[in-house]
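Hi,

Here is the structure I promised to pass on. Have a look first, and then read on for what turned up in it.

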Amino acid sequence: MLNKVTALDQTFQALSDSTRRTILAELTRGPRSVSKLARPLAMSLPAVMQHLAVLEESGLVRSEKIGRVRTCRIEPKALSVAEQWINQRRLEWERHFDRLGEYLKTVEK
Amino acid sequence: MAAASRGPGVQASRSIVHAMFCLERSYPAPRSHVFKALTDPAAKAKWFTGGEGYTELARHMDARPGGREHVRGRKGTGVVSTFDAIYHDVVRDERIVYSYEMHLDDRKISVSLATFELKTAGSGTRLVMTEQGAFLDGYDDAGSRERGSNFLLDALGKFLQQ
């Protein structure tokens, strides 16, 4: 349990930075090489590597080096810990508000 | 994001996660309709439900400052969810503030502050809901696992859009 809590803290810390969220958003589209991830970001490659290290440590991202190319991919399992906390409630509200919209259509103007 | 155990004799599994999120919707309905849907017991019962497989067990509300709301129902999975709110601020057609706690069966899973702002948007209404929550010991229970991991990337996408 303690391990889980620590993992959760790391997950939230990893998500607290906008650059890292940008990287994650890109990785939800598929695996990317480090250089491709770095290209649109306005920062040095070492700075990008540092962000990737935080993401890897949190378990949100995995990377492997094949030849000279390091490829990153998202690790959905670790993400689910945070997802359960924030997004479950959020999604419940999304559904409520969908139903609210349907209900409002039935109310006479 | 702090996790704490509560001293000797208490399970080390106690934890708190603080989270905040904001949802925004636009509806082609006047603010008065949206306000009524949020505060009138009969109107709210039409949409504030658990959806498919949900059986309502109890419901009452009094959306005035100091008033309470209680909604309890059994989900399709058999888990009983209970919503208990206290209204703090209710400004007609403009704003609602309440705090609420959620239980899954006998477990308290969260205590939250929720605010609803109603703004005119063209001929319709923009509804902004913000929740600040303390989520308690929740990630180990059956309720949290109701959603499959297929949801994961969608959920991340929504989170990232914040």
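Let me start with one residue, A:Lys65: it is exposed, because just 9 other C-beta atoms lie within 10 Å, and the cut-off for exposed is 12 or fewer. Keep in mind throughout that this is a predicted model. A:Lys65 sits in strand S2 of chain A. Its C-alpha atom is 10.0 Å from that of A:Val34, a residue 31 positions away along the chain.

Now for chain A as a whole. Its secondary structure adds up to five helices and three strands, and along the sequence they come in the pattern α-α-β-α-α-β-β-α. Of the 109 residues in the chain, 30% are buried. If you take the contacts with a separation of 6 or more, 56% of them are between residues 24 or more positions apart.

On confidence, the mean pLDDT of chain A is 82, with 80% of its residues at 70 or more. Among the elements of this chain, helix H1 (residues 2-15) has the lowest mean, 66, and helix H3 (residues 34-38) has the highest, 93.

The sheet of chain A is an open one, made of three strands in the order S1-S3-S2 with antiparallel pairing. S1 and S2 of chain A are the edge strands, each paired on one side only. Helix H2 (residues 18-27) of chain A packs on this sheet and touches S1, S2 and S3, with its direction at about 90° to that of S3(A).

Here is how the strands pair up:

- Strand S1 (residues 32-33) and strand S3 (residues 69-74) of chain A are joined antiparallel over two bridges. A:Ser33 has A:Thr71 as its bridge partner in S3(A).
- Strand S2 (residues 61-66) of chain A, the one that holds A:Lys65, is linked to S3(A) by six bridges, again antiparallel. A:Ile66 is opposite A:Val69 in S3(A).
- The hairpin of S2(A) and S3(A) has two residues between its strands, and A:Gly67 there has a positive phi near 65°.

Helix H4 (residues 45-58) of chain A deserves a look as well. It lies across S2 and S3 of chain A and runs at about 115° to S2(A). Its length works out nicely: with 14 residues at 1.5 Å a residue, H4(A) should span 20 Å, and its end C-alpha atoms are 20 Å apart, so the two agree.

Which residues of H4(A) are buried? They are A:His51, A:Leu52, A:Leu55 and A:Ser58. These four cover an arc of only 120° around the axis, so they are on the same side of H4(A). On the face turned away from that buried side you will find the exposed residues A:Pro46, A:Ala53 and A:Glu57. Right after H4(A) comes A:Gly59, with a positive phi near 85°.

Over to chain B. Here seven strands make an open sheet in the order S1-S7-S6-S5-S4-S3-S2, with antiparallel pairing. Its edge strands are S1 (16-27) and S2 (55-61) of chain B, each of which pairs on one side only. Ignoring direction, neighbouring strands in this sheet are turned by 15° against each other on average.

One pairing to pick out is that of strand S3 (residues 68-74) and strand S4 (residues 80-91) of chain B, antiparallel over seven bridges. Within it, B:Val71 has B:Phe83 as its bridge partner in S4(B).

Helix H1 (residues 31-39) of chain B lies across S1, S4, S5 (95-104), S6 (107-121) and S7 (124-136) of that chain, and it runs at about 165° to S6(B).

Last, a residue to set beside A:Lys65. Is B:Tyr98 buried or exposed? B:Tyr98 is buried, because 21 other C-beta atoms lie within 10 Å, and the cut-off for buried is 20 or more. B:Tyr98 belongs to strand S5 of chain B. Setting aside neighbours within four places in sequence, B:Tyr98 has contacts with B:Ala85, B:Ile86, B:Tyr87, B:His88 and B:Ala114. From B:Tyr98 to B:Ser112 it is 14 residues in sequence and 8.5 Å in space, C-alpha to C-alpha.

Cheers

Notes. Residues numbered from 1 in each chain as written. Chains lettered and ligands numbered in written order. Predicted model: local features only at pLDDT ≥ 70, side-chain atom pairs only at ≥ 80, totals over all residues. pLDDT = per-residue confidence, 0-100. Pairing = 2+ DSSP bridges. Axes fitted to C-alpha atoms, helices over the stretch in contact; angles between N-to-C directions. Contact = placed C-beta atoms within 7 Å. Expected span 1.5 Å × (residues − 1). Arc of directions from axis to C-beta.
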